[in-house]
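Thanks for coming. Please look at the structure on the screen while I go through a few points.

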Amino acid sequence: MTMTPLDGSVSLDVNNLFRKPKVCFDWEDLHYFVMFSAIRSLSGAAKVLGVEHATVSRRIASLEKSLNVKLVDRRKRLYELTDEGRRLAAIGRQIEAQTQAIGRLAVAAQVVQGVEVTISAPPSVAVEKLVPQLGAFRAMHPGIVLRLLGDHQYSSLSSCQSDLCIRFSRPVESGIVARRNGTASFSFYCARFYLEERHPEHYEFIAYDNELMSDSQNG
């Protein structure tokens, strides 16, 4: 309904007063944001998603622009979620959980003759623990084709990068089942002459340098 004043002033469309603004955004942007919100690290989210950290940053900025809402506070080498960002992340995790449930339902409803299962594991675990058992597994389950990936990087289950993932740390993705499957022992190693030439207080260790540690925590 349009009201036109008799004095010739600007007309008023009453319908526009009650019309809700339309909000459109890219669902993939939301996926990237939810992954970042779970890990709280651009580089960590990028590893899971298999992209550069700049892509994650660009996706978050795109979502903010589409929603016209500030989701993160950008500081030097550090992104912090705003209150709106935390609320959206919670909603996004629920959406992704439902999306994954739809995918599982669709897969379960299909009758597949040959099933391919991708397992991602650190190379040492793959070689020492998994490969020796492949023959016996194949004999017991001839209809399953195993694809083994030796990889140290994160492998996203929700993005179908793998079906099973073995890692030395807890997963950060939501909507997945995680179980402790064993323990691993680690030790320090060096040449014998190194111990003979140095006192314990002078030992030097090969590990992450400060820059890498800072990037892994804040990137």
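Which side chain makes a polar contact with the side chain of histidine 31? This is a predicted model, to say that early. In it, the partner is glutamate 96, and the two side chains come to 2.4 Å in that polar contact. Histidine 31 sits in helix H2, which runs over residues 27-39. Its relative accessibility is 12%, and because buried means under 20%, histidine 31 counts as buried.

Next, the inside. The largest nonpolar core has 20 residues, and Phe33, Phe36, Val56, Ile60 and Val72 touch the most other members. Two or more residues of this core come from each of H2, helix H3 (42-49), helix H4 (53-67), strand E4 (78-81) and helix H5 (83-109). H2 gives the most, with 6 residues.

Take valine 56 as an example. Leaving out residues up to four places away in sequence, valine 56 touches Tyr32, Phe36, Leu42, Ala45, Ala46, Leu49 and Val51. Apart from the largest core lies another one, of 6 residues, including Ile119, Val125, Ala126 and Leu130.

Last, the surface. Which residues form a nonpolar patch there? They are Val131, Leu134, Leu146 and Leu148, and together they have about 260 Å² of accessible area. Valine 131 is in the loop between helix H6 (123-130) and helix H7 (134-140). Is valine 131 buried, partly exposed or exposed? Its relative accessibility is 41%, which lies between the 20% and 50% limits, so valine 131 counts as partly exposed.

Conventions:
Residues numbered from 1 in each chain as written. Predicted model: local features only at pLDDT ≥ 70, side-chain atom pairs only at ≥ 80, totals over all residues. Heavy atoms only, no water. Helix = DSSP H or I, 4+ residues; strand = E, 2+ residues; numbered from the N terminus. Buried < 20%, exposed > 50% of the residue type's maximum accessible area, 1.4 Å probe, protein only. Polar contact = N/O pair within 3.5 Å; in protein donor to acceptor, adjacent residues only side chain to side chain. Patch = residues over 30% accessible without salt bridge, like charges linked within 9 Å, V, L, I, M, F, W, Y side chains within 5 Å. Areas by Shrake-Rupley, 256 points an atom, 1.4 Å probe, with all protein chains shown as cover. Salt bridge = Lys/Arg side-chain N within 4 Å of Asp/Glu carboxyl O. Core = buried A, V, L, I, M, F, W, Y, C linked by side-chain atoms within 4.5 Å. Contact = heavy atoms within 4.5 Å.
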